[in-house]
Protein chains: 2
Amino acid sequence: MKISLCQINPIIGDIEGNKKKIIDGYKKVINDKVDLVIFPELILCGYPPQDLVEKNEFRKAVLKASYEIAEITSETGLLFGTITEQLEEVGTGIYNSAMLCYNGKVQFVQHKSLLPNYDVFDEVRYFESAKEVYIHEFKNEKLGISICEDIWNDSDYWKQRRYSIDPVQSLVDKGATVLLNISASPYAYGRREERREMLSVLTKNDKLPLAYVCCVGAQTDLIFDGGSMCFNSAGELQLLGKIYEEDYLIFDTVKKYEVINNVENSYEEEILNALIMGLSDYAKKSNFTKALVGLSGGIDSALVTYIAVQSFGKENVHVVLMPSEYSSEGSIKDSEKLINNLGISSSLITIQPVFEKIKEVLKDEFNGFEENVTEENLQSRIRGIYLMAISNKKNYMLCTTGNKSEMGVGYATLYGDMNGALGIIADVYKTEVFKICNYINRDKEIIPNEIITKAPSAELRPGQKDEDSLPPYEFLDKILKMYLEEYKEYNEIVEAIGEPETVKKVLRLVDLNEFKRKQAAPALRVTTKAFGYGRRFPIVQKWKR
Amino acid sequence: MKISLCQINPIIGDIEGNKKKIIDGYKKVINDKVDLVIFPELILCGYPPQDLVEKNEFRKAVLKASYEIAEITSETGLLFGTITEQLEEVGTGIYNSAMLCYNGKVQFVQHKSLLPNYDVFDEVRYFESAKEVYIHEFKNEKLGISICEDIWNDSDYWKQRRYSIDPVQSLVDKGATVLLNISASPYAYGRREERREMLSVLTKNDKLPLAYVCCVGAQTDLIFDGGSMCFNSAGELQLLGKIYEEDYLIFDTVKKYEVINNVENSYEEEILNALIMGLSDYAKKSNFTKALVGLSGGIDSALVTYIAVQSFGKENVHVVLMPSEYSSEGSIKDSEKLINNLGISSSLITIQPVFEKIKEVLKDEFNGFEENVTEENLQSRIRGIYLMAISNKKNYMLCTTGNKSEMGVGYATLYGDMNGALGIIADVYKTEVFKICNYINRDKEIIPNEIITKAPSAELRPGQKDEDSLPPYEFLDKILKMYLEEYKEYNEIVEAIGEPETVKKVLRLVDLNEFKRKQAAPALRVTTKAFGYGRRFPIVQKWKR
């Protein structure tokens, strides 16, 4: 069987646009004499559609478009993900479905059985589970169709399974000869290799070929990397879709291909490209054509500026330098070097007169109080005001520059440097920021070495260094990663790295700063646990270990 | 059977504090010779614990405290909500449970069967469902124990049921003689009467008495109103717990009480008291003792100030007046009258010099551009900076003053008037704000009539009125309520109130402003659909009707 996998980039809610992409994709490959063309999960509405699913008029529009797609089909099969409804006695009757069409009609519908409801997934909120799975005979093959999570509960692979049923095993038991899985699986570093490994074990054990099609593109904070995969019945990866790009693959289940072993690049390369696609897709899908970054002279804003240049083109990136009396001389010099290296436009706007004026106006109010963090926040907020004013006036997208280490411990000013539409590196630890910058400089110096080598500082008071307030980043990041992503407990972290007092302090800072993160911009997600709606903690709470 | 219902106010995560409250509550009523003392759902960890449940060390601490509670029990039963674990082949093995203790031991555990996973509820994310329900014989009664949602799937009451099983019916079938339901059910106006009606139908049909115990207090944005209920086997409400206060009821299942028919007060009274408790609990649980409000002369900030005075006491509320050249004379005069009426302290700080200074600094940047909404936002952001500076310096809790109508259509400035820790009236429509203010003035003028009667204005440009940009609030609020809370579609709204273009514009504004609401402060929830984590829409999306 010849199967075409259409790895496309949908826009959530853009039913007409996505429909056109599906029809165009189908027509594009039909000349290649394929038997079946397959598209990812919920591709017609975009994934995740979230509460749009609860809108009756939205579901009706999706269903209408689904039937319009069916109408254009010839004898070549077209399988795509959509929302279906089925009136039932109990429950909502709304399903996450794979719809198979040919000869102008919907011929077969398979609902999703396993609904992920952890991390960023809320599918039980919207959908009912399939009550049964069926195979469908088509062109002398028995198709075993599953949707994303359905294939992630294989008892041969998982030690502890999440669900009691295994829909893919049921399809195999019912005599499937080809497995098809349509997915929308957000990327995090390491995830692609995990997919390859799990699907390889499954296809090898079940002795069946598999076509696994994924979407590509970013949806607000979620990054879908593409990388669709085709396996032969020996569990060997035969084809791999492009990464971070749309792609159309043709998989002949009886043909011999060279085995692909490497599916994932270095952390630096993967994450950099993921972030570039993330920012670029946010902008395109929100109609922003120009980007704005506040350049401090530090490494975070330098990296964000580089990413913005890759996403928008250098002629569409503007940076603003906003030194104060506490800024080091290097800050300006290093920023100017970066601006030169990248070939972007810049402005230099001082914050001092406004800082002075505000302090003057608030003098009576602050009478008798010492200078403290208030004045540090003030500087950050004046910069935030400038950037938002320029963004509003010129319709630039303001890129937020905070990293995951800072966001973790709340080392950021709400309504100040946290301003912006999207946290570009808010899921990247400070130590990883250094690694990525070094990677960018692998052939020549793009990000000035001075920016990479100087000690990190917020420059909000004389001689300030991040390490005055925080543990060294190497240490901090280890604690954060264990706590946030590996679900390690206080005792385990102390056992692994020592310094119980520091560990306790860091964990406490993470717990205490939910209120800041609640009001943060969405953060491009590149780990298995990012700040955002995949991580839900009460803002007011008193959990103490 | 004599049952004591302990309607207490827990703090999420404060396991030791909540444990003490449970033990104290148990000891307090034990002299009254009751047979059984019952506490609400997940009372030991507080509801909703959210992702704290995923922390192994958190669950262990909750379980340890549960057994410590069991140890102090005599022959009087103690039933309370807690987290339990049970190692299983599939799934997490984590349960939302009711634990019955007496004679120093845990005697019986019933897990929750129906896990709500809609609106603000995410229970499938954390818990497994009970596989079975059991009755427990105790002091000559057969206890039928259920947890919150378990009782909300009665086929006699609901036309369309959410779940296929009915655990309470199973308990009845198994011979229960007394029904007990431990709950944590967030309040929205009308909800208490709905509870009464549903539970009345159920107890009448099942011919069994019911003790239904709820928690009270606010948890960030969620408001729990208390109002625990006891029904006789004729479906008559016999006892009602205090509203917005802790309470300890004693229900004798064989005693005759006077029937209670009215459980809910007027909208104005209920919501006002809910918001006062909401703000006051946020402050107490976050260790704020003083409140700060930016007083514009408009009705929203006037109402928020009144609520702050009720929550913190007048000596702990400070307001700041920040007029600009566009402020009407009345704004100051009316504010001063309110300040007098409430007996609070105030400062007057001009924004003009800072506004001028910023415009001067940005002059080159804005060369060739017209004045537009940027300058309006600037004024709002300068006010936001002042308020945050005072809040930071003096540790005042900044109260956010935006209403639901504004938040719906995005008529608010991000990092400006949206600043603050908590949206006090962000789930109250503008027209309801007027109603509540009139209710506050029912005996004497507290909120100056001038504030209530003048046309709403942001006062950010000369002669500006809200109705220049928005439809009249009476009309806007109808559209918003139908769209947000009643899930009405475009066509239905137009059919009900006409003006298709205006309706389309308003719906579009709601859809387009997710990005602002993502960065908004949490909003006290008093309707069935508030902005916040119970409403989840993609920020980047192109759904058009």
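I looked up the open sheet of chain B and found six strands (a strand is a DSSP run of E of at least two residues, numbered from the N terminus) in the order β6-β7-β8-β9-β12-β13, with mixed pairing; two strands pair if DSSP finds at least two bridges between them. I noted that β6 (135-138) and β13 (237-240) of chain B stand at the edges with a single partner strand each, so one side of each has no neighbour in the sheet. From one strand to the next, the twist averages 20 degrees.

I then checked the edge strand β6(B), which runs antiparallel to β7 (residues 141-147) of chain B and is joined to that strand by four bridges. Within this pair, B:Phe138 stands opposite B:Glu141 in β7(B).

I also followed helix α5 (residues 191-206) of chain B (a helix is a DSSP run of H or I of at least four residues), which packs on the sheet and touches β9 (210-214), β12 (229-231) and β13 of chain B. The direction of α5 makes about 25 degrees with that of β12(B), where axes are lines fitted to C-alpha atoms, for helices over the stretch in contact, and angles run from 0 to 180 degrees between N-to-C directions.

I kept in mind that this is a predicted model, in which local features need pLDDT of at least 70 and side-chain atom pairs count only at pLDDT 80 or more, while totals for chains, interfaces and linings use all residues. Residues are numbered from 1 along each chain as its sequence is written, and chains are lettered from A and ligands numbered from 1 in the order in which they are written.

Next I turned to the two chains, and found 76 residues of chain B in contact with 76 residues of chain A, contact being C-beta atoms, placed from the backbone, within 7 Å. On the side of chain B that touches chain A, α10(B) gives the largest share, 13 residues.

Last I looked up the largest nonpolar core, which has 350 residues, and saw that A:Ile38 and B:Ile38 touch the most other members. Such a core is a set of buried Ala, Val, Leu, Ile, Met, Phe, Trp, Tyr and Cys residues joined through C-beta atoms within 7 Å, and buried means that 20 or more other C-beta atoms lie within 10 Å of a residue's own, again placed from the backbone. Not counting residues up to four places away in sequence, the residues touched by A:Ile38 include A:Ile3, A:Leu5, A:Leu180 and A:Val213.

Terms used. Buried ≥ 20, exposed ≤ 12 C-beta atoms within 10 Å, placed from the backbone.
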